[in-house]
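Grab a pencil and work through these exercises with the structure open beside you. Try each task yourself before you read its solution.

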Amino acid sequence: MDTFISLWQFVIGTLIVCNLTLVCCEFSPKDVVYAVNCGGDYFKDSHGINYQSDESSSGIASDFGKQFLVFGRVSQSDSVLYQTEKYDSDTFGYDVPLDGDGDYVLVLKFSEVYFNSPGAKVFGVLLNDRHRVISDLDIYEKVGKAVAHEEYIPFSVQNGKMNFNGESSTVYDSFRLDFLKGELDNPKINAFYLYKGDIKDVPRLPPLSSAVKSEQFNEEQEEEDEPIVPRDKILSGPKAEDPYINDETSLVLPVLVAIGCAVSITLCL
């Protein structure tokens, strides 16, 4: 009886957790106001988000990322979003439409496909000509090469005002999204979408796994033409000489074993 009650309590508890999960994860692609596959064509991702083709004249389109068929942290199908990009040798951006008052989340998608070390490409992001939402973004430093990275920027719009991190600015039916040129190479963006709703409902990338970090580590070591040393092993000095190299007993032992086997077989016969 006690076992039955415990089992029933487990089932009820599981149902409650599932219901809470569904309530807390109410993301719907219908609430995506605007989405662009930067430098690329129309694409529908695994979450059902419809990314329109990039028709903006701002920035330079590139498909250099197509040399990578799969990007870390995303499925092979969603890797399409990281194979193309927009970049420029100066600040560039997009005009993003709004859908009235409410809470919004701007999701920016990045991946480094050219540089092999941190500190090579660093830039910022400006919202509505006022809000510096990202400063000194170094994609490689955060995730490495050919690995997906996202930035989540929550803000609200109320009575003609955009509110971000305690600051407000005047906004109308759309806002400006700019990628700021810095001192280190060019700004870029792979894809982005604007979601109307709470940030807790926005799908997130999985954590950067140790496997991805290890792969990046190995690539860097190979490029530097240095031997790769597993991180869980420590070199403790020069290789030791074989202590048995001049030991004659190492030759006698096999002979003794052979004689013993022969005697055993003779006795059995």
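## Exercise 1: Two loop residues

D41 is exposed, with a relative accessible area of 60%; here exposed means over 50%, buried means under 20%, and partly exposed is in between (1.4 Å probe, protein chains only). A heads-up before you go on: this is a predicted model, where local features need pLDDT of at least 70 and side-chain atom pairs count only at pLDDT 80 or more, while totals for chains, interfaces and linings use all residues. Residues are numbered from 1 along each chain as its sequence is written, and side-chain values use heavy atoms, with hydrogens and water left out.

Task: work out where D41 sits and what it touches, then do the same for S111.

Step 1. Look between β1 (32-37) and β2 (43-44): D41 is in that loop. (Strands are DSSP E runs of at least two residues and helices are H or I runs of at least four, numbered from the N terminus.)

Step 2. Skipping residues up to four places away in sequence, D41 touches Y51, Q52 and S53; a contact means heavy atoms within 4.5 Å. D41 and S53 are 12 residues apart along the chain, with 4.1 Å between their C-alpha atoms.

Step 3. Now find S111 in the loop between β7 and β8 (122-127). S111 counts as buried, because its relative accessibility is 0%. With the same sequence neighbours skipped, its contacts include F71, Y82, I139 and K188.

## Exercise 2: Sheets

Task: give the strand order of the open sheet of 4 strands, then of the open sheet of 3 strands.

Step 1. The sheet of 4 strands goes β6-β13-β8-β9, with antiparallel pairing. Two strands pair if DSSP finds at least two bridges between them.

Step 2. At the edges are β6 (92-97) and β9 (131-137), each pairing on one side only. The twist averages 15 degrees from one strand to the next, using axes fitted to C-alpha atoms (for helices, over the stretch in contact) and angles from 0 to 180 degrees between N-to-C directions.

Step 3. Check one pair: β8 and β13 (residues 174-184) run antiparallel, joined by 5 bridges. Here V122 stands opposite L184 in β13.

Step 4. The sheet of 3 strands has the order β4-β5-β14, also with antiparallel pairing. β5 (residues 85-87) and β14 share 2 bridges, and K86 has I189 in β14 as its bridge partner.

## Exercise 3: Nonpolar cores

Task: which residues have the most contacts inside the largest nonpolar core?

Step 1. A nonpolar core is a set of buried Ala, Val, Leu, Ile, Met, Phe, Trp, Tyr and Cys residues joined through side-chain atoms within 4.5 Å.

Step 2. The largest one has 32 residues, and L108, F155, F175, L177, F179 and F192 have the most contacts inside it. Strand β7 (residues 102-110) gives the largest share, 4 residues.

Step 3. Apart from that core lies another, of 21 residues, including L81 and Y195.

## Exercise 4: Confidence

Task: where does the pLDDT fall below 50?

Step 1. pLDDT is the predictor's confidence in each residue, from 0 to 100. The chain averages 81, and 68% of the residues score at least 70.

Step 2. The pLDDT is below 50 over residues 224-245, a stretch with 10 contacts beyond near neighbours in sequence. It is also under 50 over residues 265-269, with 0 contacts beyond four places in sequence.

Step 3. Where pLDDT is low, predicted coordinates should not be read in detail.
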